[in-house]
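Please open the model in a viewer and keep the selection panel at hand. The tour proceeds by successive selections.

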Amino acid sequence: MEHFAIWVAAFLTMGIFSFLYKDNAWYKLCEAIFVGISAGYWFVTLFWDNIYGKFWVGKGDDSMLYIGAFLGLLMLMRLVPKIGWISRWPLAFIVGATAGFYLINYFSSNVMRQVEDTIMPLLGPDYSAGAYDIIGNIVIAVGTFSGLVYFFFSKEHKGAFGATAKVGIFFLMITFGASFGYTVMSRMSLLIGRLDFLFGDWLGMIK
Amino acid sequence: MSTRLKEMLVVAVMTVFFVIMYWGKVDGWMTGFQFSFGLSMTVVALIVVSLLVILYLTLQGKMIGRRVVFLYVGISVTLPFFMSLSQQIKISPEVQTLYDGIAELPPGSVVLSAFDYDPPSAPELQPMAESFFRYCFNNDLKVIVIGLWPQGPQQANMAIEKVMLDESIAAKNLQYGIDYVNLGFQTGNEFVIQRMGSDFKSMFPTDYSGTPYDELPLVKNVKNFSNIDYGFNFSAGYPGTVEWVQVAVDRYGLKMGAGNTAVQAPQCYPYIRSGQLIGILGGMNGAAEFELLTGTVGKGTKFMLSQSFAHMIVIAFIIIGNVAYFRGGRKRKL
């Protein structure tokens, strides 16, 4: 069984790689298997962890669960065209609750905390910052200010205002470049993982 | 010979090669091989020379196909597996602070580790997870595993199984339910974290294998985040570190570090400066640094050479691509 499993994994990996040569039936087969298994895995996991885990093992001892289950059932009304409109109620609940939840979280963590961290003395509290930190603080202050100026569209980007906006563009480009570099690194890691599997786990060629 | 016939011939030759290699592995005569230092350097030199030839051809107006680029990337990732070269790894401040945060935990501290990734992200995050478990078990920290991604808890189990093979950890005879526990996956994304803030059990009535929460000695007295000494999130996207910071850290005051895929790391770095995260392991590089700090040589360290080679190849082809672009009057396409 172990041999079969590793050959199947290798067959599917090679199938996905074959797309680099050109689109082909092998690749399409592997893609379809991946999509099908992912959907099946999700379904089984959600069933056992949620419906079985909470309503059978957990005996549904949290009454709020029944409200959630009821809303979930309403969502399935979409399958009956005549009463499909009922599914909008749970959808409205999800949209409203999620929006409210996100509003508070993002405002608190990603806005206020970050603003608080940006507005700080350049030389550090009690002038205690070292040269490295002072340079870092200046970069953050200049980058934040010029970046905000770039996104201020109520005034034409000309003169000193335009020059500041251009500095903002440079900061944005550096940010995007860093993100892209990290993305390349991440994708290479995936490739390394699969090739390590092929040459190591499968063929045993790596010492 | 037709193209189809050539393709079939290549597939047949490759299949024979794979069967022979696999048979060798099973039979025991294929134990892997490694280039000597001299051969490794020769291979590197040959690759550099071939890249210079490509650059020369590009300057002459002869463009290469995209498949050549794929081939070079594949070679640059694969050959370092067999090379006798090593790469120096420097510890970055965010990895050092993360390690210091874990290192100051006294034995017996309860650590919550959230596994929010799946197999595609394993090359980056699995080495981190293994080093993390190795450190925790060697230092008598109690570990609670959960997952907001369905395959997360499975990844945790794989890491634990591997780490348990270490002699020092095997000698400790760690008990499931007492020293570590896997509470499994729960759907609901950040709402799960929110509910865990008031009651863990409501979100995880059973563990991964179906044992009721109250029958697990390690967690039966764990009510919410106030009973957790340290949180560690392995994250590959949504839900992940951002959600843990927003809810568990900012609302409930959990002390937390994170291991992220490289794609996600830039999004989370601002949380370090603001003190919301203690530290971050960013991508494979972060994994290698953490391995260095915890005194192990795992796949994070081993893969860094491939990573660096691949980056060099990408940079080389960016230069060649730009040469082609400017030489073609910014009109021709590669």
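The tour of this predicted model begins with one chain and then turns to an interface.

**Chain A alone.** Select chain A and colour it by secondary structure. Six helices and zero strands appear, so that the order of elements from the N terminus reads α-α-α-α-α-α. Next, display the C-alpha atoms of chain A, which occupy a box of roughly 65 × 55 × 40 Å along the principal axes. The radius of gyration of chain A is 27 Å, whereas a compact globule of 207 residues would have one near 17 Å. Colouring chain A by accessibility shows buried residues as 26% of its 207 residues. Among contacts in chain A with a separation of 6 or more, 23% join residues 24 or more positions apart.

**The interface.** Now add chain B and select the residues in contact: 55 residues come from chain A and 73 residues from chain B. Between the two chains, about 5600 Å² is buried, with 62% of that area given by carbon and sulfur atoms. On the chain B side, pick B:Tyr22, B:Gln246 and B:Arg273; these lose the most area to chain A and together make up 12% of what that side buries.

**Polar and charged pairs.** Which side chains should be selected for a salt bridge? Choose B:Lys299 and A:Asp196, whose N to O distance is 2.8 Å. The interface holds four salt bridges, and 27 residue pairs across it are in polar contact, both residues at pLDDT 80 or more.

**The chain B side.** Finally, select helix α1 (residues 3–27) of chain B, which supplies the largest share of the side touching chain A, 10 residues. That side of chain B comprises 36 nonpolar, 25 polar and 12 charged residues.

Technical notes
Residues are numbered from 1 along each chain as its sequence is written. Chains are lettered from A and ligands numbered from 1 in the order in which they are written. This is a predicted model: local features need pLDDT of at least 70, side-chain atom pairs count only at pLDDT 80 or more; totals for chains, interfaces and linings use all residues. Side-chain values use heavy atoms; hydrogens and water are left out. Contact means heavy atoms within 4.5 Å. Buried area is the accessible area (1.4 Å probe) that two parts lose on being put together, summed over both. A polar contact is a pair of N or O atoms within 3.5 Å; within protein, one must be able to donate a hydrogen and the other to accept it, and residues adjacent in sequence count only if both atoms are side-chain atoms. Helices (H or I, at least four residues) and strands (E, at least two) are DSSP runs, numbered from the N terminus. Ala, Val, Leu, Ile, Met, Phe, Trp, Tyr, Cys and Pro count as nonpolar, Asp, Glu, Lys and Arg as charged, and the others, Gly among them, as polar. The radius of gyration is taken over C-alpha atoms; the globule rule is 2.2 Å times the number of residues to the power 0.38. Buried means under 20% relative accessible area, exposed over 50%, partly exposed in between (1.4 Å probe, protein chains only).
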